[in-house]
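Grab a pencil and open the viewer. Here are some exercises to work through, each with a solution you can check afterwards.

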Amino acid sequence: MDKNRVWGQKSPEPPGEEARPQPRLRAVNRCQMVLRPTDVEQLIEAHHPARAIWEIVGQQNLDGFLEAIEAVEGVAGRSAWDPRLLISVWIYAYTTGVSSAREIFRLCRYHPAYQWLTGLKEINHHTLSDFRVAHQQALNELFVQILGVLSYEGLITLERVMHDGTKVKAWAAGKSFRRKETLEKHLEAARQQVEEMGDPRSEEVSERVAKAQERAGREKQERLEAALEELQQLQAEARSKKQKPPRVSATDPEARVMKQPDGGFAPSYNVQISSDAKADMIVGIGVCQAANDTAELVPAVKRMEANLGEAPQQVVVDGGFINQGTIGAMEAQGIDLIGPLPDHTNQTVAALEKRGVAPEFFPQAFRYEAERNCYVCPAGRDLAFEGQEKSEGSARYRYRAKLADCQGCLSKGQCCPKSQRRSLVRTEEPPEVRRHREKMASEAAREIYKQRSQIAEFPNAWIKEKFGLRRFRLRGLFKVTLEAMWAAIAYNLAQWIRLCWKPKKALGAALS
Ligand code: SF4
């Protein structure tokens, strides 16, 4: 190679050979207008899920969504968007992991599925946002109507329902939790900010920016006022339970700090999902602020009854839902409840170890004699009945050894090293709890319970992983409940498409 040649410079032709003409390349012209015809129907294939969603939504009665529309035939003004379209767009968006109105607005410009749904129209993100939270009753009715379709298809039987709770993070940071004094300070600052916005001497901005700033300031003030209101309620509860003064999130006052599956804590809501075991369809969904599931099964059964007109025959839950109240309520309704009673063995062992009791002197080493109503200790001494203790649900009876027996006993250092004499508590469970314990000891109940995690956690995982709903986009219990309902409808339709839907043959032939 010629070392003196500059890069890009043509190398001289070898002597005797004809020069090769320059290659001819296609030029890119970006300064031209192009009119391209679009066949909207051809934008997506015949079996695209957007078609299935459009089809099934169109088959439902959407009168509830039409009631609020002010534009009517024969009167001047802009026509409203068809609720069938807005519902289909939102459901399709959730099934593809999109839960932002602004993102949908952007997608409507270029994404074939959104372009097909909207017929190449763009829907303003405010319209989409407002629609998502404006029709609670109608949305519930739509959920119920779709459950009717799924029942008709044989995908819901209510013979066995798996119920579970899952924590979904709130749209608020852990650092947004404030005490009363700080909230009041922030509220004062927000009020001042809102007042200044109305001041004509303030900095000049465009009308659109001014409106956005005014709305943001007003919403911040409203959130802080709501936070102070929420705080007052929590303070009253904390006083009655003699707990520490509470804090409330200034961003989402109704969110609560809850333990996450990874062991950390975050502002969250507790989403309760009931799924029919036949095909994993969601038959009931609710959102609560409780950090645990203790009191959530009874409301969940009520939701299922309201949605489907009857209660499930059997409900399978984890130990977090099982307590005397729940067992009694399910028994009274004739519902077969499957779920393990919480095991307190570890707590009992920890308490005994803390008291320095050796394993050979744990309660099981003491023999109960029902005829004499007393215990006999490993050293052959009696622990006489002393009295009954107050306890929620179960009856607790206390027994105690004689002081002289323990003081003269060689085993005292292992049996009751930190007390003068040994005592024991006998717990007597109510009949319904005893019956439940006996049922759960059976092989059949254990086999059913083994299926729980796989079926119950399927919709949880789908909603979190595929729909990306690990964190709510909206704030406040009312709005996050609606968001959970949208996700439940989207989930059920995604399963219906997967299991049942077939595109119309004529359409398939036309598009092929
Ligand atoms: S310490 Fe008391 S209760 Fe324990 S083994 Fe001895 S006599 Fe029995």
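The exercises below are about a predicted model.

**Exercise 1. Find which residues are around the ligand, and sort the shell by class.**

Solution. Start with the list: Phe-361, Cys-377, Ala-379, Arg-381, Asp-405, Cys-406, Cys-409, Lys-412, Cys-415, Cys-416 and Arg-422 are the residues around the ligand. Next, ask which elements give two or more residues to this shell: they are α13 (403-407) and α14 (412-415). Now sort by class: the shell has seven nonpolar and four charged residues, and no polar ones. Finally, look at the space itself: what the ligand takes up is the largest cavity.

**Exercise 2. Work out which side chains of strand β12 are buried and which are not.**

Solution. Walk along residues 395-401 and you'll see the side chains alternate. On one face sit Ala-395, Tyr-397, Tyr-399 and Ala-401, and these are buried. Arg-396, Arg-398 and Arg-400 point to the other face and are not buried.

**Exercise 3. Identify the strands that pair with β12, and give the sense of each pairing.**

Solution. Take β11 (residues 382-389) to begin with: this strand pairs with β12 in the antiparallel sense, over six bridges. One handy landmark here is Gln-388, whose bridge partner in β12 is Tyr-397. Then move to β13 (residues 423-428), which is joined to β12 by six bridges and also runs antiparallel to it. For a landmark on that side, find Arg-400, which stands opposite Ser-423 in β13.

**Exercise 4. Compare the reach of helix α18 with the expected value, then say how many of its residues are buried.**

Solution. Helix α18 covers residues 477-499, so count 23 residues. From the first C-alpha to the last, α18 reaches 33 Å. At 1.5 Å a residue you'd expect 33 Å, and the helix comes out close to that. As for burial, 17 of the 23 residues in α18 are buried, so call the helix mostly covered.

**Exercise 5. Two leucines have a positive phi: locate Leu-120 and Leu-158, and decide whether each is buried or partly exposed.**

Solution. Begin with Leu-120, which isn't a glycine but has a positive phi of about 70°. You'll find Leu-120 in the loop between α5 (112-118) and α6 (125-133). Its relative accessible area is 41%, so Leu-120 is partly exposed. Now turn to Leu-158, where phi is near 60°, again positive in a residue other than glycine. Leu-158 lies in the loop between α7 (136-152) and β1 (161-169). The cut-off for buried is under 20% relative accessible area. Leu-158 has 3% relative accessibility, so it counts as buried.

Terms used
Residues are numbered from 1 along each chain as its sequence is written. This is a predicted model: local features need pLDDT of at least 70, side-chain atom pairs count only at pLDDT 80 or more; totals for chains, interfaces and linings use all residues. Side-chain values use heavy atoms; hydrogens and water are left out. A residue is near a molecule or strand if one of its heavy atoms lies within 4 Å of it. On a 1 Å grid over the protein atoms alone, a cavity is a set of points where a 1.4 Å probe fits but cannot get out, and a pocket is an open set with protein on both sides within 12 Å along at least five of seven lines; lining residues have an atom within 4 Å of a point. A molecule sits in a cavity or pocket if more than half of its atoms lie within 2 Å of its grid points. Helices (H or I, at least four residues) and strands (E, at least two) are DSSP runs, numbered from the N terminus. Ala, Val, Leu, Ile, Met, Phe, Trp, Tyr, Cys and Pro count as nonpolar, Asp, Glu, Lys and Arg as charged, and the others, Gly among them, as polar. Buried means under 20% relative accessible area, exposed over 50%, partly exposed in between (1.4 Å probe, protein chains only). Two strands pair if DSSP finds at least two bridges between them.
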